[in-house]
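Me: I would like to learn how to read helix packing, burial and aromatic pairs from a set of coordinates. Could we go through them one by one?

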Amino acid sequence: MYYQSTRNSDLQVTSSVAIAQGISADGGLFIPSEIPKISMEELKALADMNYAERANVVFGKFLTDFTPEEIAYCTSHAYHVKNFETEQIAELTGAFDNAYILELWHGPTCAFKDMALQILPYLLTTSLKKNGEDKKVVILVATSGDTGKAALEGFKDVPNTEIMVFYPDQGVSSMQKRQMATQEGSNVTVCALEGNFDDCQNGVKKIFTDHAVKEKLANAGKMFSSANSINWGRLAPQVVYYVSAYVEMAKRGDINFGDVINVVVPTGNFGNILAAYYAKNMGVPIGKLICASNINKVLTDFIETGIYDRNRDFYATCSPSMDILISSNLERLLYLLTDGDDKQIREWFGKLSTEGKYEVSESVKEKLKNDFVGGFCDDAETKKTIHDFKEKYNYTCDTHTAVAVKVYQDYIAQTGDKTKTLIASTASPYKFSASVLEAIENAESNADEYAQVAHLAEISGLPVPQSLADLQNKAVRFSEVIQKEDMENYVLKKLNIIA
């Protein structure tokens, strides 16, 4: 199987080249030339496998230039109890109003990004070796809170790599900031930006596609790659947990093999729900894909109208990992919905860059609504959902999962759809202790961060993840804050390419 650029269908590279490069030189995203299929018999066979073995099957369909031994090496090292606090890797809870919550946050940084970023370093280093690449790889990352820490943890001290993470200074929770600021590793750099996540993401993409910058790196024996979900090596692992969750639901007797389920995903950058779309088109019986947004509801509006418009107020919310107005992975979906019309993709995303807005065709609008439903809620509704869900089920949601729960509840009220549903839970509530406590107790807390963590443990009954508990005594290593205009010089200076 080959991979094309969403902006140049004639470009064809192997999966290992796509993973090593991260993003196409033309600014497009790599996408497999076809969506491989998984049969019902194959799904049934996965029931007797563990998570890593299920991943081997899915990756074998997408990463066809990897040998089975190379894939098994990557999965066995990533999906292991030394990296995750549960043998299941992704934990499936019981039923809540006909829905099941898939906890994707039992990895080392307590967020769903670990599901991909524990394996990406293995996929990347294997890809480089396969292609005879001996340059040092510089991983550039823009984060709205979770990707950054997960990437730092995945790539810390990985030989022949350096990783640099940029996050919006006022756009992450205090726990997320502390996770990044105290990061260990000899090859890591963390920097805050004055601005929002879109500023970070735009800056990183601009540096990636600047030929002069890439030439300077090459002369220094280095090359860029990405750990953001623009890298196919980030998206493919996310497909795995939707395939695995369906199999697990059937194995447990929650559904029968062949039954259709809906999937609800809280998302800002669209990667997590796009992975579910891939799983559906592989053959996993998934019905509606319910896209849950916070008050920065650019995706909800797009699904409803077919107009993508980032020219709007930006809100900093209690679900900061979704505070995004430019959803990068939507480009991949639109490429699929236009049957690979790269000219149309260039036109739409050119307009997004210059005008901040584009409108898709009627045929694409129709295809979009066949699969996707959009919904959103504001902070008040998010916190009320956390409170009510805790009262009714004694289950504590983080602020992002609560958005998904609320949007699911709204969907049921509007449609009466009783289809069993999988809700993606993307972060531990301890990453957002202040907001979760405020929601549960209907009062703000003036206690310090770790007093809040201790109190949340007391009222939730959830054990505090060891990785978060250990942060309390770690020294802050990174505290720089720069302007978005200074990103390129900052990168080149940190890499010792300019003085």
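What follows is a conversation about a predicted model.

Me: Let me begin with a single helix: how many of the eight residues of helix α13 are buried?

Reply: Burial is judged residue by residue, and a residue counts as buried when its relative accessible area is under 20%. Helix α13, which spans residues 298-305, has six of its eight residues buried, so it is largely enclosed by the rest of the structure. The buried ones are V298, L299, T300, D301, F302 and I303. Just after α13, G306 takes a positive phi of about 80°.

Me: Which elements cover the buried residues of α13?

Reply: The cover includes the strands β11 (286-293), β12 (307-309), β13 (357-359) and β14 (372-376), together with the helices α14 (330-337) and α16 (362-371).

Me: Since α14 and α16 both appear there, at what angle do their axes cross?

Reply: A packing angle is taken between the N-to-C directions of the two axes. The axes of α14 and α16 come within 10 Å of each other and cross at roughly 110°, which makes α14 roughly perpendicular to α16. The crossing of α14 past α16 is right-handed, and L333, L334 and L337 from α14 meet V364, K367 and L368 from α16.

Me: Why might residues three or four places apart be found on one side of a helix?

Reply: An α-helix has 3.6 residues a turn, so residues three or four places apart point the same way.

Me: How are α4 and α6 oriented with respect to one another, roughly parallel or roughly antiparallel?

Reply: Helix α4 (residues 68-78) and helix α6 (residues 120-130) pack at about 155° with their axes 9 Å apart, and that makes α4 roughly antiparallel to α6. Their crossing is right-handed, and the contact is made by E70, Y73, C74, H77 and A78 of α4 with Y122, L123, T126 and K130 of α6. K130 also lies over the face of F66, at 5.5 Å from the ring centre. In another such arrangement, the charged end of K297 sits over the ring of F376, 5.0 Å from its centre.

Me: How many aromatic pairs does the count come to, and how should I describe one?

Reply: A pair of aromatic rings is described by the distance of the centres and the angle of the planes. The count comes to 23 aromatic pairs. In one of them, the rings of Y241 and Y242 have centres 4.9 Å apart and planes at 55°, so the pair is tilted; both Y241 and Y242 are buried. F389 and Y395 form an edge-to-face pair, with 6.1 Å from centre to centre and 85° between the planes, and these two residues are buried as well. Rings can also gather into a cluster, as F302, Y308, W348, F349 and Y358 do.

Me: What does D371 touch beyond its neighbours in sequence?

Reply: D371, in helix α16, is buried with a relative accessible area of 13%. Leaving aside residues within four places in sequence, D371 is in contact with Y277, K280, G287, K288 and L289.

Me: Finally, how far apart in space are L217 and L495?

Reply: Separation along the chain and separation in space are worth reading side by side. L217 and L495 are 278 residues apart in sequence and 8.7 Å apart in space, C-alpha to C-alpha. L217 lies in helix α10 (residues 211-219) and is buried, with a relative accessible area of 1%. Not counting residues up to four places away, L217 touches V138, K222, M223, F224, L492, L495 and I497.

Terms used: Residues are numbered from 1 along each chain as its sequence is written. This is a predicted model: local features need pLDDT of at least 70, side-chain atom pairs count only at pLDDT 80 or more; totals for chains, interfaces and linings use all residues. Side-chain values use heavy atoms; hydrogens and water are left out. Buried means under 20% relative accessible area, exposed over 50%, partly exposed in between (1.4 Å probe, protein chains only). Helices (H or I, at least four residues) and strands (E, at least two) are DSSP runs, numbered from the N terminus. Contact means heavy atoms within 4.5 Å. Rings of Phe, Tyr and Trp (its six-membered ring) pair if their centres lie within 6.5 Å; planes under 30 degrees apart count as stacked, over 60 as edge-to-face and the rest as tilted. A charge sits over a ring if NZ of Lys or CZ of Arg is within 6 Å of the ring centre and within 35 degrees of the ring normal. Axes are lines fitted to C-alpha atoms, for helices over the stretch in contact, and angles run from 0 to 180 degrees between N-to-C directions. Angles under 35 degrees count as roughly parallel, over 145 as roughly antiparallel, 65 to 115 as roughly perpendicular and the rest as oblique. A crossing is left-handed if the near helix is turned anticlockwise from the far one by less than a right angle, and right-handed if clockwise.
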